[in-house]
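Student: I would like a close look at a single part of this model, followed outward into whatever packs around it. Please take it slowly, and tell me where the prediction should be read with caution.

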Amino acid sequence: MSPTETGRHFWRDIRVQLPFLAWLVVLWMLLWAQFTVLAFLSGLVVAVFVTRVFRLPTVELSGRINVWYAALLVVQFLFAVLRGALAVTVQVFDFRRQPGAAIIAVPLKYADDLMMTHVSVVSSLVPGSLVVEADRDRQVLYLHVIGVRSLADVEKQREGVLRWERRVVRALGAPEQYRALKADERAARAGGVGSAGSVGSAGGAKKGGAR
């Protein structure tokens, strides 16, 4: 391959991976908790270095982004970080009882490799939870979480991770993932309406029988 072709190949890869590079830069700034020009430039250098030196295959992005849901995801994430930090602080300084901890398994519903990575990063950056293992074949995340004292708390933590998955799918998921999510939401709403109608019919039958 000639130097000219090598240069074209390099810049083509940069263009294809631009959203991924931007995400790596954002993660770098979040990890250092610095949102400065220097943090941006150093993150950009690290992102380019990592993607070029380790020679991983080009990441196949979904080709879809919903700006509204993406902005909403950022706001919800920042709020979750703040709330998680406050919750962990309260648990640490509550000397009356120790905060419970557990390892929980969360089977993801719409995940591919990229989606699993997104959900893992978001879940790990929120204080109080940390992904300790990812089963790629079964699409299961294993998280260490604190602040759990009952099975209800475990289910609440698991539902929280699945909620992040749904948010990421709405913002960045592939079209087929988004369609699967919308189909499940419509089925859940239809099931809820059907259950409510059944309850109402049963209630009417009881009243009629009482008369």
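What covers the buried residues of helix 4?

Tutor: The model is a predicted one, and in it the cover over the buried residues of helix 4 includes helix 2 (18–32), helix 5, strand 3 and helix 6 (151–172). It helps to describe helix 4 itself before turning to these elements.

Helix 4 runs over residues 67–92, which makes 26 residues, and from its first C-alpha to its last it reaches 37 Å, close to the 38 Å expected at 1.5 Å a residue. At its N-terminal end the helix is capped by Asn66, which places a side-chain oxygen 3.1 Å from the backbone nitrogen of Trp68. The buried residues of helix 4 are Ala70, Leu73, Phe77, Ala80, Gly84 and Gln91. An α-helix has 3.6 residues a turn, so residues three or four places apart point the same way.

Helix 5, one of the covering elements, spans residues 113–125 and contains Ser120. Ser120 counts as buried because its relative accessible area is 13%, under the 20% limit. Apart from neighbours within four places in sequence, the residues in contact with Ser120 are Val131 and Leu141. Asp113, also in helix 5, is partly exposed, with a relative accessibility of 39%. Although Asp113 and Arg136 are 23 residues apart in sequence, their C-alpha atoms lie 7.2 Å apart in space.

Strand 3, another part of the cover, occupies residues 140–146 and runs antiparallel to strand 1, to which seven bridges join it. Within that pairing, Ala102 has Val145 of strand 3 as its bridge partner. Strand 1 (residues 101–107) shows two faces, a covered one made of Ala102, Ile104 and Val106 and an uncovered one made of Ala101, Ile103, Ala105 and Pro107. In a regular strand the side chains alternate between the two faces of the sheet.

Strand 3 also pairs with strand 2 (residues 129–135), again in the antiparallel sense, over six bridges; there Glu133 has Tyr142 of strand 3 as its bridge partner. The two strands form a hairpin with four residues between them, and Gln139, which lies in the turn, has a positive phi of about 60 degrees. A salt bridge joins Asp135 to Arg138, with the closest N and O atoms 2.9 Å apart. The two partners differ in accessibility: Asp135 is buried, because its relative accessible area of 18% falls under 20%, whereas Arg138 is exposed, because its value of 54% is over 50%.

Helix 6 is likewise among the elements that cover helix 4, and its charged side chains deserve a separate look. Arg158 and Glu155 form a salt bridge, 2.6 Å from N to O, and both belong to helix 6, three residues apart, or about one turn of the helix. Here Arg158 is buried at 19% relative accessible area, while Glu155, at 46%, is partly exposed.

A second salt bridge, between Arg170 and Glu185, measures 2.5 Å from N to O, and it links distant parts of the chain, since Arg170 sits in helix 6 and Glu185 in helix 7 (residues 175–210), 15 residues apart. Both ends are buried, Arg170 with a relative accessibility of 19% and Glu185 with 18%. Lys182 joins Arg170 and Glu185 in a network of salt bridges. In total, the model contains six salt bridges.

As for caution, the protein has an average pLDDT of 80, and 78% of its residues score at least 70. Among its elements, strand 3 has the highest mean pLDDT (93) and helix 1 (residues 3–16) the lowest (59). Over residues 195–211 the pLDDT is below 50, and beyond near neighbours in sequence this stretch has zero contacts in the model. Where pLDDT is low, the predicted coordinates should not be read in detail.

Methods:
Residues numbered from 1 in each chain as written. Heavy atoms only, no water. Buried < 20%, exposed > 50% of the residue type's maximum accessible area, 1.4 Å probe, protein only. Contact = heavy atoms within 4.5 Å. Pairing = 2+ DSSP bridges. Expected span 1.5 Å × (residues − 1). Polar contact = N/O pair within 3.5 Å; in protein donor to acceptor, adjacent residues only side chain to side chain. pLDDT = per-residue confidence, 0-100. Salt bridge = Lys/Arg side-chain N within 4 Å of Asp/Glu carboxyl O.
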